[in-house]
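Thanks, everyone. Please pull up the sequence and the structure, and I'll walk you through it.

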Amino acid sequence: MPLDVTVERLIPLPPATVAAYAMDWRHDSEWTRGIRSATLTREADTGGFGAGAEVTRTAHFLGRSFSYVLRVSRHDPPTVLDMVSVAGPMPMRVTYTFEPTQAGTFARIRVRGGLRLAGPLMSRPVRAALTADLRALESRLAR
C-alpha cells in the first residue's frame, strides 16, 4: 500500500490567518520541520503563486537531504492548497485544508504517494513529522 497519511489539529485562530501563513511558500522552512529552503521556481500563469506555480523545496528527512518540485494543482485560499510532485525522489501529493470552527481553524495536512513498498515503513515517521509541523504552525502564529 502506498503512503497515505493525514494529520489534523485545531488551531485557535481564524482560517484566514492560519491559511495566509501556511499557504505562503516563503514560510515553508519556518514551520515545516524537514524543509530547509523553498523557492518559487515557476509562477502561475496569472503571475505569482497559484494554480500552476511550482515550488522547489530542499528537505532533510530520515538522515537524507533531497530536493523536489511541487506544482500547485489547486489554490483556494483560505480553504485548500493542493500540490503534486513533478520532480524528486518519489511521487507525492500534499494537501493542506483549513476549515472554520467555532474554536478557530481545523487544520489538516494529507500526504499521499511514495513508493508502494515503502508506504507502510514511512507512515509512522511521516505522521510524526506532520504532527510536529502543525504544532509548529500553531506556535509560530501564537506569537
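Start with the strands β3 and β4. They pair in the antiparallel sense, over eight bridges. This is a predicted model, so keep that in mind throughout. One pair to look at: alanine 59 stands opposite phenylalanine 66 in β4.

Now move on to the next pairing. β4 and β5 also run antiparallel, and seven bridges join them. Which residue in β5 is the bridge partner of valine 69? It is alanine 87. A hairpin of three residues takes the chain from β4 into β5.

Stay in that loop for a moment. Proline 78 lies there, between β4 and β5, and β5 covers residues 80-87. The peptide bond from proline 77 to proline 78 is cis. Its omega is near 5°.

Next, the core. In soluble globular proteins, nonpolar side chains tend to be buried together. Here, the largest nonpolar core has 32 residues. Which of them have the most contacts inside it? Those are Tyr96, Phe98, Ile109 and Leu137. Several elements give two or more residues to this core: β1, α1, β4, β5, β6, β7 and α3. The largest share comes from α3, with five residues.

On to the pocket. The largest one holds about 430 Å³ of space. It is lined by 25 residues. Closest to its centre are Ile35, Phe61, Tyr68, Ala129 and Leu130. The elements that give two or more residues to this lining are β3, β4, β6, β7 and α3. Which one gives the most? That is α3 again, with five residues. What is the lining like by class? It has 17 nonpolar residues, four polar and four charged.

Last topic: charges. How many salt bridges does a search of the whole structure find? The count is 12. I'll take three.

The first is glutamate 8 with arginine 108. Their side chains meet at 2.9 Å, N to O. Why pick this pair? Glutamate 8 sits in strand β1 and arginine 108 in strand β7, so the salt bridge ties together parts that are 100 residues apart in sequence. Glutamate 8 is partly exposed, at 47% relative accessibility.

The second is arginine 26 with aspartate 24. Again the side chains meet at 2.9 Å, N to O. Look at the two ends. Buried or exposed? Arginine 26 has a relative accessible area of 55%, so it counts as exposed. Aspartate 24 is at 16%, so it counts as buried. The cut-offs are under 20% for buried and over 50% for exposed.

The third is arginine 74 with aspartate 76. The N to O distance is 2.5 Å. Both ends fall in between those cut-offs. Arginine 74 is partly exposed at 43%. Aspartate 76 is partly exposed too, at 31%.

One more point on charges. Salt bridges that share partners join Glu8, Glu99 and Arg108 into one network. That takes us back to the β1 and β7 link, since glutamate 8 lies in β1 and arginine 108 in β7.

To recap: α3 gives five residues to the core, and five to the pocket lining. β4 pairs with β3, and with β5. And the bond to check on screen is the cis one, from proline 77 to proline 78.

Notes: Residues numbered from 1 in each chain as written. Predicted model: local features only at pLDDT ≥ 70, side-chain atom pairs only at ≥ 80, totals over all residues. Heavy atoms only, no water. 1 Å grid on protein atoms, 1.4 Å probe; cavity = no way out; pocket = protein on both sides within 12 Å on 5 of 7 lines; lining within 4 Å. Points joined across faces, edges and corners; volume = space filled by probe spheres on them. Helix = DSSP H or I, 4+ residues; strand = E, 2+ residues; numbered from the N terminus. Nonpolar A, V, L, I, M, F, W, Y, C, P; charged D, E, K, R; others polar. Salt bridge = Lys/Arg side-chain N within 4 Å of Asp/Glu carboxyl O. Buried < 20%, exposed > 50% of the residue type's maximum accessible area, 1.4 Å probe, protein only. Pairing = 2+ DSSP bridges. Core = buried A, V, L, I, M, F, W, Y, C linked by side-chain atoms within 4.5 Å.
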